[in-house]
Amino acid sequence: MPSVSKPAARRASFRWLDRSFAVAGGMAALVSFGLFAWLIRDLVRLGMPRISWEFLTAEVADAGRSGGIGPVLVSSVLILVCCLGLAIPLGTGCALWLAEYARRGSVPARLVTGGVDLLASVPSIVFGLFGMVFFGQTLRMGFSILSGGLTLACMILPMLVRTTLSALEALPADLRPAAAGLGMTRSTTIAKVLLPAALPGIVIGVTLGIGRALSETAALIFTSGYSTRWPETLSDSGRALSVHIYDLALNVANGGPMASSSALVLLALILVVNSAAVTLSERWLLKRHQTS
Amino acid sequence: MSKLQFLRNLAALVSLTVASCGKKETGAVVVLTGSSTIAPVISDVAKRYEAANPGVRIEVQSGGSSRGIADALSGTADLGMASRALSADEAAKLTAHRIAADGVCVVVHRDNPVSELSREQLISIYTKKATNWKDFGGPDATIVVANKAEGRSTLEVFLHYLGLDNADVKADVVVGENLHVINSVVANPNTIGYVSIGTAASEAKGGTPIKLVSTGGVAATTENVANGTFPITRPLNIVEDALTSPAAKAFLDHLTSPAINDIIQKHFFVPVN
């Protein structure tokens, strides 16, 4: 009977389709994990043998082929601190203005969001050249950790603004009238209600920003520079880990092994800094919960 | 931590940061920018020079040859590093001092009878127009072509000599390091590759079964790179304008002296002074 077999066949084909979706999804997940695992395995295999306390703290010697990465590690962290020190307040402030003060769809708000989105699509080498001219030459910071950090701040700003903005916009709309009903001023509402509630979103933005800032090379070669001296002040030039890896991998003959070890350290550093950001925010949220 | 404590700590941090931004008391500073090929060498030289000359600070920054030339002209840098010859325009305004040469030579397995390849023959091998060693007097075997990864300075020098784009090259093996190329040649005797001449010479001398192939009728030796007859080479230059400071002048004298030859050799370049 053809009238019965037809829906049956269709059911069968749906089942097949269903199953193939699951298989395709599973394959995609497997490939994604496999690539990650492969990368880690290679990095550990090539980089692990030279990792030691000595490697992490010693000076760079022989153009990076021997010695350690002490000054480079310190410079990287200092650059990151400068970067986040500017980017977090600026990004949060900008997102707050867009979400809480600017009229949605008004010309200034559209200009700012458009500008921020445009900034997000600018290649990092352009930020590097901008940073070199603006921070390095116009503001006379020269090759310095400060100038590199500030350039990176400009680069990750759009990411912070976007994630903070969407976190603020996703908050329940009742929060604001409820706070007003309790007699809270706008600034108190922002500081005590909205920002803490949006904190998880902000932390995601900061985490993404940290990852991008620590792995950036192009923006730093022209700003924080190439020097492997121990940084004494923020106006010293200091080589970031990513720049060190790039230089070892491309410009130093037989620098490959040390580049792998440095890459492994960079990966570990990103993991440590990211989990620290997440843990801090969680602890802070928990504490607020308990005291209030 | 109370709010007051936090604010106090913050204030301390800010004042510390501001204070540390101020200029320090330093002696003479010599700034060099430019070629990323030369920068690692000069960093090494600078470290030793600073130790021997307290009070002098050598700041090395990379960024590319053209940047080094532009910075030497604008005064952003005291000295520029350029791993290419100056154009006529640039030479009118700047003086170039050769501190070393970067030579690249073709290597094959020691058992391969081929010992000389012309530029045209190399082009046909690297574009896979010729694919068998017997066309060049070798065994009846397919040529395995090893190329360098994009961005390597040896790749630039080699392709510049052949007049090829990296997109024209059809390679079987793409590797990054000189030693990887040599390992490929040792592992498969039908491989052809190119490496920094300093690396090849020291490996061949150390007993690695490779052969340095003559090109353009000139033997691939560091002497022929130093005297300028070997064709696949480029100069490593330090450029200066008329306004070089005394400290920069002194450092330049050091760079053009034989005192740095050991460091140049450690980076597999060829000393010329």
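This report describes chains A and B of a predicted model, then their aromatic pairs.

**Chain A**

Chain A is built from 11 helices and 2 strands. Along the sequence, the elements run α-α-β-β-α-α-α-α-α-α-α-α-α. Two helices therefore come before the strands, by the DSSP runs used here.

The radius of gyration of chain A is 24 Å. A compact globule of 292 residues would come in near 19 Å. Along the principal axes, the C-alpha atoms of chain A fill a box of roughly 80 × 65 × 40 Å.

Of the 292 residues in chain A, 44% count as buried. Take the contacts in chain A with a sequence separation of 6 or more: 73% of them come from residues 24 or more positions apart. The exposed area of chain A is about 15,200 Å², and carbon and sulfur atoms supply 71% of that area.

On charge, chain A carries 23 positive and 14 negative side chains. The centres of these two sets lie 13 Å apart.

**Chain B**

Chain B has 11 helices and 11 strands. Its radius of gyration is 23 Å, while a compact globule of 273 residues would have a value near 19 Å. The C-alpha box of chain B, again taken along the principal axes, is roughly 80 × 55 × 35 Å.

Half of the chain is covered: 50% of the 273 residues of chain B count as buried. Contacts in chain B between residues at least 6 apart in sequence join residues at least 24 apart in 73% of cases. Chain B exposes about 12,000 Å², with 56% supplied by carbon and sulfur atoms.

The charged side chains of chain B number 24 positive and 26 negative. Their centres are 6 Å apart.

**The chains in a table**

| Chain | Radius of gyration | C-alpha box | Exposed area |
|---|---|---|---|
| A | 24 Å | roughly 80 × 65 × 40 Å | about 15,200 Å² |
| B | 23 Å | roughly 80 × 55 × 35 Å | about 12,000 Å² |

**Aromatic pairs**

A pair of aromatic rings is described by the distance of the centres and the angle of the planes. Over all chains, the count comes to 7 aromatic pairs. One of them joins A:Phe130 and A:Phe135, with 6.1 Å between centres and 75° between planes. This pair is edge-to-face, because its angle is over 60 degrees.

Cover differs between the two partners. A:Phe130 is partly exposed, at 37% relative accessibility. A:Phe135 has a relative accessible area of 6%, so A:Phe135 counts as buried. The cut-off for buried is under 20%.

The pair in chain B has another geometry. The ring centres of B:Phe158 and B:Tyr194 lie 4.0 Å apart, and the planes meet at 15°, so this pair is stacked. B:Phe158 sits in helix α6 (residues 153-162) of chain B, and B:Tyr194 in strand β8 (residues 191-196) of chain B. The two residues are 36 apart, so the pair links distant parts of the chain, a helix and a strand by the DSSP runs.

Both rings belong to buried residues. B:Phe158 has a relative accessible area of 0% and is buried. B:Tyr194 counts as buried because its relative accessibility is 1%.

Back in chain A, the edge-to-face pair belongs to a wider group. A:Phe130, A:Phe134 and A:Phe135 form one aromatic cluster.

Note on methods:
Residues are numbered from 1 along each chain as its sequence is written. Chains are lettered from A and ligands numbered from 1 in the order in which they are written. This is a predicted model: local features need pLDDT of at least 70, side-chain atom pairs count only at pLDDT 80 or more; totals for chains, interfaces and linings use all residues. Side-chain values use heavy atoms; hydrogens and water are left out. Helices (H or I, at least four residues) and strands (E, at least two) are DSSP runs, numbered from the N terminus. The radius of gyration is taken over C-alpha atoms; the globule rule is 2.2 Å times the number of residues to the power 0.38. Buried means under 20% relative accessible area, exposed over 50%, partly exposed in between (1.4 Å probe, protein chains only). Contact means heavy atoms within 4.5 Å. Accessible areas come from the Shrake-Rupley method with a 1.4 Å probe; for residues, only the protein chains shown count as cover. Lys and Arg count as positive and Asp and Glu as negative; His and the chain ends are not counted. The place of a charge is taken as NZ of Lys, CZ of Arg, CG of Asp or CD of Glu. Rings of Phe, Tyr and Trp (its six-membered ring) pair if their centres lie within 6.5 Å; planes under 30 degrees apart count as stacked, over 60 as edge-to-face and the rest as tilted.
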